[in-house]
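Colleague: Before we discuss the whole model, I should like a close look at a single part. Please treat it in detail and set it in its surroundings.

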Amino acid sequence: MDGLNGYDEREVLKKTGQEVKRARRRGKFFERMGLMYRDGQITRLTELGKRLAGISQTSKTEFRKKLAEMALDVLSQYQL
């Protein structure tokens, strides 16, 4: 959605081919995760968002494993 209005359900449908209800809510979620930000009415990806978008299918498993390990480390510090 980089360079498009990620809050507009019609633009999301046109780009992804999937009907997304409440696109603004999902956009806010991704903004708070640090994956994207708003520049006026345009959605922009952060550097982290660009890296995540560029992960190939073969490295997704490896990435997910590493991300899960990192999350477990953080949770073990604050949840116990």
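Which residue in β2 does Arg38 stand opposite?

Modeller: Arg38 stands opposite Thr43 in β2. The model is predicted, so local features are given at pLDDT of at least 70 and side-chain atom pairs at pLDDT 80 or more, whereas totals for chains, interfaces and linings use all residues. Numbering starts from 1 along each chain as its sequence is written, and side-chain values use heavy atoms, without hydrogens and water.

The setting of Arg38 is a hairpin. Strand β1 covers residues 36-39 and runs antiparallel to β2, to which four bridges join it (strands are DSSP E runs of at least two residues, and two of them pair at a minimum of at least two bridges). Asp39 in β1 has Ile42 in β2 as its bridge partner. Two residues lie between the strands, and in this hairpin Gly40 takes a positive phi near 70°. Gln41 is also found in the loop between β1 and β2. Gln41 counts as exposed, with a relative accessibility of 55% (exposed is over 50%, buried under 20% and partly exposed in between, with a 1.4 Å probe and protein chains only). The C-alpha atom of Gln41 is 8.0 Å from that of Leu4, although 37 residues separate Gln41 and Leu4 along the chain.

Arg38 has a further contact, with Tyr7. The charged end of Arg38 sits over the ring of Tyr7, at 3.8 Å from the ring centre (CZ of Arg must be within 6 Å of that centre and within 35 degrees of the ring normal).

The hairpin also leads to the largest pocket, since β2 (42-45) supplies at least two residues of its lining. The helices α1 (9-16), α2 (23-32), α3 (47-53) and α4 (57-78) each do so as well (helices are DSSP H or I runs of at least four residues). The largest contribution comes from α2, with four residues. This pocket holds about 680 Å³ of space, and of its 22 lining residues Met1, Phe30, Leu35, Met36 and Leu45 are the closest to its centre. Here a pocket is an open set of points on a 1 Å grid where a 1.4 Å probe fits, with protein on both sides within 12 Å along at least five of seven lines, and lining residues have an atom within 4 Å of a point; the volume is that filled by the probe spheres. Phe30, one of the residues closest to the centre, is partly exposed at a relative accessible area of 36%.
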